[in-house]
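Thanks for making time for this one. I would like to walk through a single chain slowly, with the sequence and the coordinates in front of us.

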Amino acid sequence: MTSDTPSPGHAREMRTDLVLEGGGVKGIALVGAASALDEAGWRFARVAGSSAGSLVGAVIAAMQQAGEPMTNVDEIVRTLDYRKMLDRRVGGRALRWWPRAADAWGVIFHLGMYRGHYMTQWVRGVLADLGVRTFSDFAFDDPGSALLPEQSFRLVVTASDLARQRLMFLPWDLSSYGVDAPGYPVSRAVRASSAIPFMFEPVQLKSTFGMSTLADGSLLRSYPIEVFDRHDGKPGRWPTVGIRLSSPSSERAPARPVTGPVSLIQSLIYTTVDSTQVRHVSEPVNVDRSIFAKPKGVRWTDFDLTDDQQQGLFDAGYAAGQKWVTKFPDGPAPRQPEPRHGGHIDVG
């Protein structure tokens with residue numbers, strides 16, 4: 001069974017592009033919401049994600065392509081041991097008796113407290129079992145798209161190029177860097193998109209511009225809901241549905257005082273992320289095509305999740321997905337065709 005065939009048991013099949021927001025360990029809620037969509041008969045033509053959304057999105061895209069059921073996505077994501085993601089280098093392990101010193105050593109010498117090797121190996125292993133190693137394995141024929149044929153991939157993830165101060169869509173932007181886009185490892189792109197500043201080491205990319213430093217895609221685009229929208233004046237072939245890990249009222253959240261250097265760094269990151277998101281994701285058309293799967297009681301950096309907490313995250317996402325399906329049984333209202341006024345790229 002391919003991604004273009006209906007799932008068993010579905011009375012009808014509806015196609016959508018899926019966009020997943022970043023949110024650290026709360027990404028399990030993304031799986032719950034996507035499972036609710038799958039049960040309602042939605043199939044995912046293409047998937048985009050940032051940070052945790054890139055990791056979950058890569059698994060979903062590979063499973064869809066292999067014809068595997070969404071129930072298996074949840075089982076696979078649960079095998080990710082979040083505690084093992086906090087893997088220090090030798091120098092950091094030598095200072096494990098003094099965690100703050102170990103953190104500082106990692107940041108000073110490697111720009112991150114943790115290496116991120118376990119995350120890369122986990123993604124690589126899971127995708128390899130599904131026949132995906134590089135983006136060439138996600139390439140497909142899509143003649144009705146506004147994308148060029150060489151830009152037709154089932155997965156797109158965001159990353160922040162700190163060296164050039166700009167957003168990247170991987171693999172789309174790799175060719176402009178003089179890098180072989182189809183041959184680029186998907187696991188490395190996911191690793192770059194998930195490189196939370198100061199926590200995980202960034203990914204280095206040697207290109208025609210020199211050495212770029214790729215970090216968390218959420219810095220510049222945590223929720224790329226518009227990534228598959230057409231801008232060529234033609235109607236979209238199907239809708240885009242996004243899954244958020246925050247609420248639509250987050251811009252009315254109370255003030256969080258900055259009390260020290262750690263909270264200052266956190267506030268700087270949150271401010272950077274929010275300033276690039278709030279305006280466009282709050283537009284009514286984007287609210288209607290967004291599932292707000294905001295889990296409670298878990299922070300995005302709680303890497304010691306219990307089994308009950310993981311189940312709670314999944315259930316929160318699933319409930320939010322069901323609520324959205326009930327409200328929009330046939331999907332969100334079609335977007336009106338828009339002429340292109342600049343921007344990143346024509347898609348659809």
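What sign does phi take at Gly41, just after H1? Gly41 has a positive phi there, of about 100 degrees, and I will come back to the helix that precedes this glycine after a few words on conventions.

What you see is a predicted model, in which local features need pLDDT of at least 70 and side-chain atom pairs count only at pLDDT 80 or more, whereas totals for chains, interfaces and linings use all residues. Residues are numbered from 1 along each chain as its sequence is written, and side-chain values use heavy atoms, with hydrogens and water left out.

The protein chain contains 11 helices and 10 strands, where helices (H or I, at least four residues) and strands (E, at least two) are DSSP runs numbered from the N terminus. Of its 348 residues, 52% count as buried; buried means under 20% relative accessible area, exposed means over 50%, and partly exposed is in between, with a 1.4 Å probe and protein chains only. Taking a contact as heavy atoms within 4.5 Å, among contacts between residues at least 6 apart in sequence, 77% join residues at least 24 apart.

Let me return to helix H1, residues 28-39. Its 12 residues reach 17 Å from the first C-alpha to the last, close to the 16 Å expected at 1.5 Å a residue, the expected span being 1.5 Å times one less than the number of residues. H1 is mostly covered, with 11 of its 12 residues buried, among them Ile28, Leu30, Val31, Ala33 and Asp38. Ala33 also has a counterpart far along the chain: Ala316 is 283 residues away in sequence, yet the two are 8.0 Å apart in space, C-alpha to C-alpha. Ala316 sits in helix H11, residues 307-327, and is partly exposed, with a relative accessible area of 28%.

Now to the helix packing. The axes of H1 and helix H2, residues 52-66, come within 10 Å and cross at roughly 35 degrees; axes here are lines fitted to C-alpha atoms, for helices over the stretch in contact, and angles run from 0 to 180 degrees between N-to-C directions. On the H1 side the contact is made by Leu30, Val31, Ala34 and Asp38, and on the H2 side by Ala52, Gly53, Val56, Ile60 and Gln64. These residues divide into six nonpolar, two polar and one charged, where Ala, Val, Leu, Ile, Met, Phe, Trp, Tyr, Cys and Pro count as nonpolar, Asp, Glu, Lys and Arg as charged, and the others, Gly among them, as polar.

H2 also packs with helix H3, residues 70-77, at an angle of about 140 degrees and with the axes 10 Å apart. That makes H2 oblique to H3, since angles under 35 degrees count as roughly parallel, over 145 as roughly antiparallel, 65 to 115 as roughly perpendicular and the rest as oblique. Val59, Ile60 and Met63 of H2 meet Met70, Asn72, Val73 and Ile76 of H3, and this contact divides into six nonpolar residues, one polar and no charged.

Which elements do the buried residues of H6 pack against? They pack against H2, H3, H7 and E6, and they include Tyr118, Met119, Trp122 and Val126. The 13 residues of H6, residues 117-129, should span 18 Å at 1.5 Å a residue, and the end C-alpha atoms are indeed 18 Å apart. Just after H6, Gly131 takes a positive phi of about 85 degrees.

Some backbone details deserve a check by eye. Ser51 has a positive phi of about 55 degrees although it is not a glycine; Ser51 lies in the loop between strand E2 (42-49) and H2, and is buried at 5% relative accessible area. Leu111, likewise not a glycine, has a positive phi of about 65 degrees, in the loop between helix H5 (99-110) and strand E3 (112-114), but Leu111 counts as partly exposed at 47%. The peptide bond from Leu170 to Pro171 is cis, with omega near 10 degrees, and Pro171 lies in the loop between strand E5 (166-170) and helix H7 (186-193).

Finally, is Glu201 buried or exposed? Glu201 is buried, with a relative accessible area of 8%, in the loop between strand E6 (198-200) and strand E7 (203-207). Not counting residues up to four places away in sequence, Glu201 touches residues including Arg89, His110, Leu111, Arg115 and Arg191.
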